[in-house]
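Visitor: Please take me closely through the enclosed empty space in this model. I would like to know what surrounds each part of it.

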There are 2 protein chains.
Amino acid sequence: MDNLTLLSEIGEFGLIEKLNKDNVIYNKSTLLCIGDDCAVLDYEGKQILVSTDAMAEGVHFDLVYTPLKHLGYKACVSNFSDIYAMNGEPKQIVISLSVSSKYSLEALQELYEGMRLACKKYKVDIVGGDTTSSKSGMFISITVMGQADKQQIVKRSGAKKNDLICVTGNLGAAYAGLLVLQREKATFMANPEFQPDLQPYEYVLQRQLKPEAQQKTIELFKEKSILPTSMMDISDGLASECLHLCKESKVGCEVYLEKIPIDYQTIKTLEEFKILPETAALNGGEDYELLFTIDQKDYEKIKDEKNISVIGYITDESLGCKLVTPQNTTMDIKAQGFNHFTKE
Amino acid sequence: MDNLTLLSEIGEFGLIEKLNKDNVIYNKSTLLCIGDDCAVLDYEGKQILVSTDAMAEGVHFDLVYTPLKHLGYKACVSNFSDIYAMNGEPKQIVISLSVSSKYSLEALQELYEGMRLACKKYKVDIVGGDTTSSKSGMFISITVMGQADKQQIVKRSGAKKNDLICVTGNLGAAYAGLLVLQREKATFMANPEFQPDLQPYEYVLQRQLKPEAQQKTIELFKEKSILPTSMMDISDGLASECLHLCKESKVGCEVYLEKIPIDYQTIKTLEEFKILPETAALNGGEDYELLFTIDQKDYEKIKDEKNISVIGYITDESLGCKLVTPQNTTMDIKAQGFNHFTKE
């Protein structure tokens, strides 16, 4: 703990100033940021998208295996993902941070460094925040604002019968990464001398610790003039999100199990844990891929895109939400997902 | 604990649905609210104001003497106050809530009921939120969005030499209320049978537990065509806010101690605690009054307003920030305010 600065030495205003001194502004819509009662934004006629996400220590992250820089990066990216999920562009965030006074300034600067990295990559401005102490643990809440043209906003509710159901990237990887981290933590607790070889898990660990949001997919939509009929991001697992999307759109769906994209390293990792890859893809969280539906006429525009998989199609509401196995058996899609309020 | 619903019984999505089912939308700028990845707002050319405030159990509130309904009300009002402090109108909020799974649904419904009451009074829409569990304690983070005409936004940075310094209402009352609550808690801990007589403290308790924001002052400005040269809300105490305002405006100030408005009940209450009323007014937090400066030519417009007091004037930056006593002694304004990171 040599040379670390205690938060009690610098106080709340000193902290806010120090944390934000390296902020860079990327957007001309940011007229005024930290230092007044409010930030001032001007979207010049575009519509405003707003979303908020909270993360609590011990529930959403474990500081034993989560570097603070990665945590800051992920906290931002998971918020940006909600804006992309409406076909918008994230532009600004405000950060609420509550930490025990036992944290050092340097620890929080690491966290902010990660946030700034994410903001740099996605060209988002940090325009405000509140930093207070907590009795114990760390709590991060980020609110993101973004913009979209009125005609371009894609909701969860627009899917219609016969639309194709698509997902970006691959699923289950973040969950596989989490399993590895939890195992390493247990090993480390038993034997702190143990040096794990994490190289075979690099991809799944990165998906868990430093996920990315689907900016490139939104850009592809623009480039190819694709307007999905409905869309949402996959943060709680494909099964849960399919049910949400169908409920909001008042439709049913058929999803083909063998069409769900799963990365080879994810499959190998899950094998070690004796978990079926499909189970992780359907119910593992934090993939931040996009689930969307398109009109069949747009199929030509996406069929050669490596990052997009067609996994099924929309049916009538009365038919429910179904999974079809390679053996052609049909079963109901059920959401297991993450329930943070389960009894311990 | 009879008939209470455990959060573990209803899960995260059930909780969000139940908490938000009685929400009312007041603003046509709210196009889409809870139920999608983002809320969608349209301010039709107006500028966007954004601010965020976090409150942690045991630091900002003590559930022993804070009814959850009041807590919800106050959490909203303290955010609205930041928008009024820029001469804007609060329009939407998103709510991040992290609570231990030991809370009941009914407790959180009380909290939300208080938030809805505040939103009804100030005509603000709840457009989103995130509700997660915490390992211990409750953490509330609210982000508020509001709108203002470009030419009407008032920053902290516009005060100029010879401007008059004004405050709304009266100061120190919320701090007096806090002292009473802390004393009653100590008495109650020693003797749970004791029934306190809180009637003599009604006003200061209300200022602490159920504060209001200065909507009416913003309306008055509009009505009388007053555009303050600078403004901020008083949440950390007048002394701290004067220093902020002068720093941002690059000016100095002279504030007359006997001009600082303090309510009679505040004075009587503080006497019991042997605290000078001026000390509470200067350093007590959570009053949510407005501190603003106006050009001298606007004096006529405010001189008969009972809710506005002129407490001093702006000087040259080189003269510093000064308090003038009734005996005409001058001293430096120093911020004690609240520092949440002080060593315990």
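Guide: A cavity here is a set of grid points where a 1.4 Å probe fits but cannot get out, and its volume is the space filled by probe spheres set on those points. Rolling a probe the size of a water molecule over the atoms shows where empty space is left. The model is predicted, with an ipTM of 0.91 and a pTM of 0.92. For chain A the mean pLDDT is 92, and 97% of its residues reach 70 or more.

By this rule there are two cavities of 30 Å³ or more. The largest cavity holds about 50 Å³ of space. Its lining draws on both chains: chain A supplies A:Tyr43, A:Glu44, A:Gly45, A:Lys46 and A:Ile48, while chain B supplies B:Asp42, B:Tyr43, B:Glu44, B:Gly45, B:Lys46 and B:Ile48. By residue class, this lining of the largest cavity divides into four nonpolar, two polar and five charged residues. Tyr counts as nonpolar and Gly as polar in this scheme, so A:Tyr43 and B:Tyr43 belong to the nonpolar group and A:Gly45 and B:Gly45 to the polar one.

The second largest cavity has a volume of about 30 Å³. Its lining consists of B:Ile165, B:Cys242, B:Leu245, B:Cys246, B:Cys253, B:Leu291 and B:Ile314. Helix H7 of chain B, residues 238-249, gives the most to this lining, with three residues. The lining of the second largest cavity comprises seven nonpolar residues, with no polar and no charged ones. Cys counts as nonpolar here, so B:Cys242, B:Cys246 and B:Cys253 fall in that class.

A helix pair in chain A may be set beside these cavities as a description of packing. Two packed helices are described by the angle between their axes and the distance between the axes. The axes of helix H2 (residues 68-84) and helix H3 (residues 105-122) of chain A come within 6 Å and cross at roughly 35°. The crossing of H2(A) and H3(A) is right-handed. Residues of H2(A) in this contact include A:Leu71, A:Cys76, A:Val77 and A:Phe80, and those of H3(A) include A:Leu111, A:Met115, A:Ala118 and A:Tyr122. The contact of H2(A) with H3(A) divides into 14 nonpolar, two polar and four charged residues.

Key. Residues are numbered from 1 along each chain as its sequence is written. Chains are lettered from A and ligands numbered from 1 in the order in which they are written. This is a predicted model: local features need pLDDT of at least 70, side-chain atom pairs count only at pLDDT 80 or more; totals for chains, interfaces and linings use all residues. Side-chain values use heavy atoms; hydrogens and water are left out. On a 1 Å grid over the protein atoms alone, a cavity is a set of points where a 1.4 Å probe fits but cannot get out, and a pocket is an open set with protein on both sides within 12 Å along at least five of seven lines; lining residues have an atom within 4 Å of a point. Helices (H or I, at least four residues) and strands (E, at least two) are DSSP runs, numbered from the N terminus. Axes are lines fitted to C-alpha atoms, for helices over the stretch in contact, and angles run from 0 to 180 degrees between N-to-C directions. A crossing is left-handed if the near helix is turned anticlockwise from the far one by less than a right angle, and right-handed if clockwise. Contact means heavy atoms within 4.5 Å. pLDDT is the predictor's confidence in each residue, from 0 to 100.
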